[in-house]
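Visitor: I would like a close look at one part of this protein, namely its sheets and the helices that lie against them. Could you take me through how these pieces are put together, residue by residue where that helps?

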Amino acid sequence: MRILIVEDDAEAANYLAKAFREAGHVADIVGDGLEGYARARDETYDVLVVDRMLPKLDGLSLIGSLRAQKVETPTLILSALGQVDDRVKGLRAGGDDYLPKPYAFSELLARVEVLARRKQPGSSEETTYRVNGLELDRLAHKLTRDGKEILLQPREFRLLEYLMKHAGQVVTRTMLLENVWDYHFDPQTNVIDVHISRLRSKIDKGFDPPLLQTIRGAGYMIRDTSG
């Protein structure tokens, strides 16, 4: 899963992100409601974990604004306010679940996984991508090629997920920097080349045909050669 954590308490946010990553998921952090709204609106996430009390835009307003924009990403609200009326307000604002603080991470993870499995009405977002025997399951965070499981690091998984989502299309370096690394500028490093090389060695080495192509002067492409 790809999870967005909107939490202004840096210690709490880092704890959550670390725990999600250890569970095999990809977790991004933002520290205020306005940035959380922008990221959730413009990028694709499986679940949002949103603190209720946030600077710039509170959690309930954030969720309400997303729903008004037809962004239906499942959302779990975290809050120190745990009374029935508080939970009702959170759900009526558009939240899908509400977990009072303090909480056990095991319960939070279980709730997030349930939300991710819940089919979104009208959603066309695929949960599994398949190209030439290469199959990526976004919810199970699992990759196989010709039935053989391939283990990827979280960033490699996110990179391949983005490439497979755009299979047959050229994906530029700028697109990868913005959507996989969250850089809105070119840091002038070879980070993309290194990850592409590692990914190619894992998904293409020992298999035929090679799927990950470098398009000179343009970018990269996962190419479906079955036709």
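**Sheets and the helices against them**

Guide: The secondary structure of this protein comes to eight helices and eleven strands, and the model in which they are seen is a predicted one. The radius of gyration is 19 Å, close to the 17 Å that the globule rule gives for 227 residues, so the protein is as compact as a globular protein of that length. Along the principal axes, its C-alpha atoms fill a box of roughly 60 × 35 × 30 Å. Of the 227 residues, 47% count as buried, and among contacts with a separation of 6 or more, 58% are made by residues 24 or more positions apart.

Let us begin with the sheet of five strands, which is open, has the order β2-β1-β3-β4-β5 and is paired in parallel. Its edges are formed by β2 and by β5 (97-100), each with a single partner strand, so one side of each is left without a neighbour in the sheet. On average, and with direction ignored, neighbouring strands here are turned by 20° against each other.

Within this sheet, strand β1 (residues 2-6) is mostly covered, since five of its five residues are buried. In a regular strand the side chains alternate between the two faces of the sheet. In β1, Arg2, Leu4 and Val6 point one way while Ile3 and Ile5 point the other way, and all of them are buried. Strand β1 pairs with strand β2 (residues 26-30) in the parallel sense over five bridges, and in that pairing Leu4 stands opposite Asp28 of β2. Towards the other edge, strand β4 (residues 75-79) pairs with β5, again in the parallel sense, over four bridges, with Leu78 standing opposite Leu99 in β5. Helix α3 (residues 59-68) packs on this sheet, where it touches β1, β3 (47-51) and β4, and its direction makes about 165° with that of β4.

Turning to the sheet of four strands, we find that it is also open, with the order β6-β7-β8-β9, but that its pairing is antiparallel. The edge strands are β6 (128-131) and β9 (148-150), each of which pairs on one side only. Neighbouring strands of this sheet are turned by 20° against each other on average, direction ignored. Strands β6 and β7 (residues 134-137) pair in the antiparallel sense over four bridges, and the bridge partner of Val131 in β7 is Leu134.

A helix lies against this sheet as well: α6 lies across β6, β7 and β8 (142-145), and runs at about 115° to β7. Helix α6 (residues 154-165) also meets helix α8 (residues 191-203), their axes coming within 10 Å and crossing at roughly 80°, which means that α6 is roughly perpendicular to α8. From α6, the residues in this contact are Arg155, Glu156, Leu159, Leu160 and Leu163, and they meet His195, Ile196, Arg198, Leu199, Lys202 and Ile203 in α8. By class, the contact of α6 with α8 has six nonpolar, one polar and four charged residues.

To draw these pieces together, α3 packs on the sheet by touching β1, β3 and β4, whereas α6 lies across β6, β7 and β8 and has residues, including Leu159 and Leu163, in contact with α8.

Terms used:
Residues numbered from 1 in each chain as written. Predicted model: local features only at pLDDT ≥ 70, side-chain atom pairs only at ≥ 80, totals over all residues. Heavy atoms only, no water. Axes fitted to C-alpha atoms, helices over the stretch in contact; angles between N-to-C directions. Helix = DSSP H or I, 4+ residues; strand = E, 2+ residues; numbered from the N terminus. Parallel < 35°, antiparallel > 145°, perpendicular 65-115°, else oblique. Contact = heavy atoms within 4.5 Å. Nonpolar A, V, L, I, M, F, W, Y, C, P; charged D, E, K, R; others polar. Pairing = 2+ DSSP bridges. Rg over C-alpha atoms; globule rule 2.2 N^0.38 Å. Buried < 20%, exposed > 50% of the residue type's maximum accessible area, 1.4 Å probe, protein only.
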